[in-house]
Amino acid sequence: MANTATIEIDGQKHEFPLIEGTENEVGIDIKSLRAATGGCITLDPGYKNTGSCESGITFLDGEKGILRYRGYSIEELADKADFLEVAFLLIFGELPTKEQHDKFHADIKSKSIVDDDVRKIIDAFPKSAHPMGVLSSLTSALTAFNPSSVNVDSEEDMYNSVVKILGKFPVLVAWTMRKKQGLPLDYGSNSLGYVENVLKMMFKQPNEEYVQNKIIVDALDKLLILHADHEQNCSTSTVRIVGSSHAGLFASLSAGISALWGPLHGGANQAVLEMLEAIKEDGGDTKKYMAKAKDKNDPFRLMGFGHRVYKNFDPRAKIIKKAADEVLADLGVEDPILEIAKGLEQEALNDPYFVKRKLYPNVDFYSGIIYRAMGIPTDMFTVMFALGRLPGWIGQWREMRLRKEPIGRPRQLYIGEKHRMFKSVENR
Ligand code: ACO
């Protein structure tokens, strides 16, 4: 392979080095482009062709449907690891030993208490507030209760911040849901596993014992692992770019939660369920909605289909589809929504519009179906995604700071007015 790329502008040739990643992906290093060409920039809205960083965390090949965290395949991790092992792996680079895992969990538990004044903030939100808005605000508020900034060069400092946020975040998730439901805000139990505790904190009724269901625990563990990282997507890029100004970890995470909220990103899992409900209410005519999705004059999109990177299949969707079938069978749930989902999937997979554009079901097409079977309200789906994505965001933030990346600051091509003279208000 050649090791440079040449760009010719006005007959002048400029050479730029090619950089190769571990998996033979090639990037053109254009760091010197503006200086070499007298100010020329690249234009790539949506960054479809732009690498913003070098990263050693997650590898994905959208054509082949490969996803790996730190070299381990998502299939193997979802099958054999637990969420805390994956969190440790993503953030610190290696799977934890048994001692590291136990200490990690113990430290997370010891840091899980949230300042009681946070309840006052939650009380101030209307019950109608969307849980993602509440979660983003509460995560930002953690900055006020934990003002010291993280010294990323100090292993100890970084570790303490990681266990703090991994401990407190599930409490905020549970409280966000419980406040909306008018349930008392409380803690789970330190005797439980991380995922079991999340479930207890969310679902424990004040007048009943909470009984764990292993099928639900395992399914949630898997869902969190599948969502734990996905390289430079919208929310992760947000976390990195906010952190690149040396804003604090919790402030950067809060920005990531806001980015995740949108229906084209993490909000898609809620949008999928709402879409399936709407189709059901409308008589279950999937063909009508397929036609709407293909009609360029209709803004409707088939939610849960398509992906910026996966143009073959989403490997997470494959795993989750199997999990959804198992959970629903084990719980004995017969959900008409599932039938509509299966019908849409079959039609889309055989429809030339979807085939030509390589639009396949993504991870969020199925995750909502499992969340629904678990009894999680629809508007909490994206919050569950955020809980899973937390270790990925932290790992990416840490990597960005350790690599001493410069502040993120894209360029633009100005297409506005040329210089013009100010007119006083009487003359406009
Ligand atoms: N339904 C109907 N048509 C679609 C869909 C869809 N879900 N997705 C893409 N298309 C069409 C577009 O209209 C476009 O058609 P055209 O070439 O005739 O103009 C073509 O497919 C390419 O679409 P883009 O929007 O350019 O693809 P992009 O890579 O920018 O967008 C995205 C990817 C945002 C995920 C898109 O497929 C979409 O909106 N999907 C629905 C929302 C969704 O499920 N988001 C979750 C993503 S996964 C995640 O964030 C965890």
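**Reading the ligand shell, the aromatic pairs and the loops**

Mentor: By class, ten nonpolar, five polar and seven charged residues make up the shell around the ligand. Please keep in mind that this is a predicted model.

Trainee: Which residues of that shell come nearest to the ligand?

Mentor: The shell holds 22 residues, and those that come nearest are Arg301, Leu302, Gly304, Phe305 and Arg308.

Trainee: Which residues place a polar atom 2.9 Å or 3.0 Å from the ligand?

Mentor: A polar contact is read from a pair of N or O atoms within 3.5 Å. A polar backbone atom of Phe305 is 2.9 Å from a nitrogen atom of the ligand. Arg308 contributes a polar side-chain atom, 2.9 Å from an oxygen atom of the ligand. Asn362 likewise has a polar side-chain atom 3.0 Å from a ligand oxygen atom. As to cover, the ligand on its own has 920 Å² of accessible area, and the protein covers 78% of it.

Trainee: I should like to turn to the aromatic rings. How is a pair of aromatic rings described?

Mentor: Two values describe such a pair: the distance of the centres and the angle of the planes. In this structure the count comes to 13 aromatic pairs. Consider Phe83 and Tyr194: their ring centres are 5.9 Å apart and their planes stand at 35 degrees, so the pair is tilted. Tilted pairs are those that are neither under 30 degrees, which is stacked, nor over 60, which is edge-to-face.

Trainee: Where in the chain do Phe83 and Tyr194 lie, and are they buried or exposed?

Mentor: Phe83 belongs to helix α3 (residues 83–92) and Tyr194 to helix α8 (residues 194–203); with their positions 111 residues apart, the pair links distant parts of the chain. Both Phe83 and Tyr194 are buried.

Trainee: What can be said of the rings of Tyr371 and Phe381?

Mentor: The centres of Tyr371 and Phe381 are 5.5 Å apart and the planes are at 40 degrees, so this pair is tilted. Tyr371 lies in helix α17 (residues 363–374) and Phe381 in helix α18 (residues 381–402), ten residues apart. Tyr371 is buried, because its relative accessible area is 0%. Phe381 also counts as buried, at 0% relative accessibility.

Trainee: Which residues form an aromatic cluster?

Mentor: One cluster consists of Phe305, Tyr353, Phe354, Phe365 and Tyr366. Phe305 is also among the residues that come nearest to the ligand.

Trainee: Which charged residues lie over the face of a ring?

Mentor: Arg357 lies over the face of Tyr353, a member of the cluster, at 3.9 Å from the ring centre. Lys318 is placed over the face of Phe313, 4.6 Å from the centre of that ring.

Trainee: Let us finish with the loops. Which residues other than glycine have a positive phi?

Mentor: Asn24 and His246 are two cases. Phi of Asn24 is near 65 degrees, and that of His246 is about 70 degrees. Asn24 is found in the loop between β2 (12–20) and β3 (26–28), while His246 is in the loop between α10 (234–243) and α11 (249–261). Since exposed means over 50% relative accessible area, Asn24 counts as exposed at 55%, and His246 does at 52%.

Trainee: Where is Lys31 placed, and is Lys31 buried or exposed?

Mentor: Lys31 is in the loop between β3 and α1 (33–37). Its relative accessibility is 71%, so Lys31 counts as exposed. Lys31 and Pro17 are 14 residues apart along the chain, and their C-alpha atoms are separated by 9.6 Å.

Notes
Residues numbered from 1 in each chain as written. Predicted model: local features only at pLDDT ≥ 70, side-chain atom pairs only at ≥ 80, totals over all residues. Heavy atoms only, no water. Phe/Tyr/Trp six-rings, centres within 6.5 Å; stacked < 30°, edge-to-face > 60°. Helix = DSSP H or I, 4+ residues; strand = E, 2+ residues; numbered from the N terminus. Buried < 20%, exposed > 50% of the residue type's maximum accessible area, 1.4 Å probe, protein only. Lys NZ or Arg CZ within 6 Å of the ring centre and 35° of its normal. Near = heavy atom within 4 Å. Polar contact = N/O pair within 3.5 Å; in protein donor to acceptor, adjacent residues only side chain to side chain. Areas by Shrake-Rupley, 256 points an atom, 1.4 Å probe, with all protein chains shown as cover. Nonpolar A, V, L, I, M, F, W, Y, C, P; charged D, E, K, R; others polar.
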